[in-house]
Amino acid sequence: ASRGIRGAGKNYFLEVREIDQNTIVLRTLGYGKKEANAREDAEVRVIRAVLYVGFEGHNKLINESEASFEAKHGDFLNTFWEQKRYKDFITGIVSVGSLEKVKGQKVKSMPFDVTVNVKAFRQYLIQNKVGGGLGFR
């Protein structure tokens, strides 16, 4: 089940590789000038998708638009992104290709399989009273 998902101002491609009750493994492209930048970009893209998009078997964790959620919970999100708390819910990331130039752009892309502990992420959102109520189907 492949989905092209719009997010963070860019189109990006996510493919569900594995899914179970607690975790989801998504393949995505990360963008950056170096592998470390592309890896972090891939992590952020996957976390945003889990929050705002959802997948078969896992509803999105936030039941409102990204803009609305960010307006209501800006302080929480600033801490979450700046302190890289999202990394607490990424249980694995594996590069599945090489860093390649993106035609017509000054940036490179690299594919990754990113594993997210959706159950723990949902609990974290509930504990912080910012969402997570939809969770699993």
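**Note on the helices and selected residues**

1. Lys84 sits in the loop that joins α3 to β4 (90–95). The model is a predicted one. Lys84 is not a glycine, yet its phi is positive, about 55°. Its place in the chain is just after α3. Is Lys84 buried, exposed or partly exposed? Its relative accessibility is 33%, so Lys84 counts as partly exposed.

2. Overall layout. The protein has four helices and six strands. Read from the N terminus, the order is β-β-β-α-α-α-β-β-β-α. The chain has 137 residues, and 42% of them are buried. Take the contacts with a separation of 6 or more: 59% of these join residues 24 or more positions apart.

3. Helix α3, buried side. Which residues of α3 are buried? They are Phe76, Leu77, Phe80 and Trp81. These residues cover an arc of only 120° around the axis, so they sit on the same side of α3. The spacing rule of helices is worth recalling here. An α-helix has 3.6 residues a turn, so residues three or four places apart point the same way.

4. Helix α3, surroundings. Its buried residues pack against α1, α2 (66–72) and α4. The face turned away from that buried side carries Asp75 and Glu82, both exposed.

5. Helix α4, buried side. This helix spans residues 118–127, and its buried residues are Val118, Phe121, Arg122, Tyr124 and Leu125. Seen down the axis of α4, they fall within an arc of 160°, so they line one face of the helix. Note that Arg122 is on this list of buried residues. The cover over the buried residues of α4 includes two strands, β3 (23–32) and β6 (108–117). It also includes two helices, α1 (35–52) and α3 (74–82).

6. Helix α4, ends. At its start, a side-chain oxygen of Asn117 comes within 3.2 Å of the backbone nitrogen of Lys119. Past the helix comes Lys129, with a positive phi near 55°.

7. Lys129. This residue belongs to the segment after α4. Lys129 is a residue other than glycine with a positive phi, near 55°. Its relative accessibility is 71%, so Lys129 counts as exposed.

8. Packing of α1 on α3. A word on the description first. Two packed helices are described by the angle between their axes and the distance between the axes. For α1 and α3 the angle is about 150° and the axes are 12 Å apart. That makes the two helices roughly antiparallel, since the angle is over 145 degrees. Which residues make the contact? From α1 come Val44, Ile47, Arg48, Leu51 and Tyr52. From α3 come Leu77, Phe80 and Trp81. These three residues of α3 are also on its buried list. The crossing of α1 and α3 is right-handed.

9. Packing of α1 on α4. Here the axes come within 12 Å and cross at roughly 65°. The two helices are therefore roughly perpendicular to each other. The contact uses Ile47, Val50 and Leu51 on the α1 side. On the α4 side, the contact uses Val118, Phe121 and Leu125. Each of these α4 residues is buried. The crossing is right-handed. Ile47 and Leu51 appear in this contact, and both also take part in the contact of α1 with α3.

10. Val116. This residue is in strand β6. Its relative accessibility is 0%, so Val116 counts as buried. What does Val116 touch, not counting residues up to four places away in sequence? The list is Asn22, Thr23, Ile24, Val46, Ile47, Val50, Phe89 and Thr91. Val46, Ile47 and Val50 fall within the range of α1, residues 35–52. Val116 and Asp88 are 28 residues apart in sequence, and their C-alpha atoms are 9.1 Å apart.

11. Lys101. This residue lies in strand β5, residues 100–101. Is Lys101 buried or exposed? Its relative accessibility is 68%, so Lys101 counts as exposed. Leaving out residues up to four places away in sequence, Lys101 touches Val107 and Lys108. Lys33 is 68 residues from Lys101 along the chain, with 8.9 Å between the C-alpha atoms.

Technical notes. Residues numbered from 1 in each chain as written. Predicted model: local features only at pLDDT ≥ 70, side-chain atom pairs only at ≥ 80, totals over all residues. Heavy atoms only, no water. Buried < 20%, exposed > 50% of the residue type's maximum accessible area, 1.4 Å probe, protein only. Arc of directions from axis to C-beta. Contact = heavy atoms within 4.5 Å. Polar contact = N/O pair within 3.5 Å; in protein donor to acceptor, adjacent residues only side chain to side chain. Axes fitted to C-alpha atoms, helices over the stretch in contact; angles between N-to-C directions. Parallel < 35°, antiparallel > 145°, perpendicular 65-115°, else oblique. Left-handed = near helix turned anticlockwise from the far one by under 90°.
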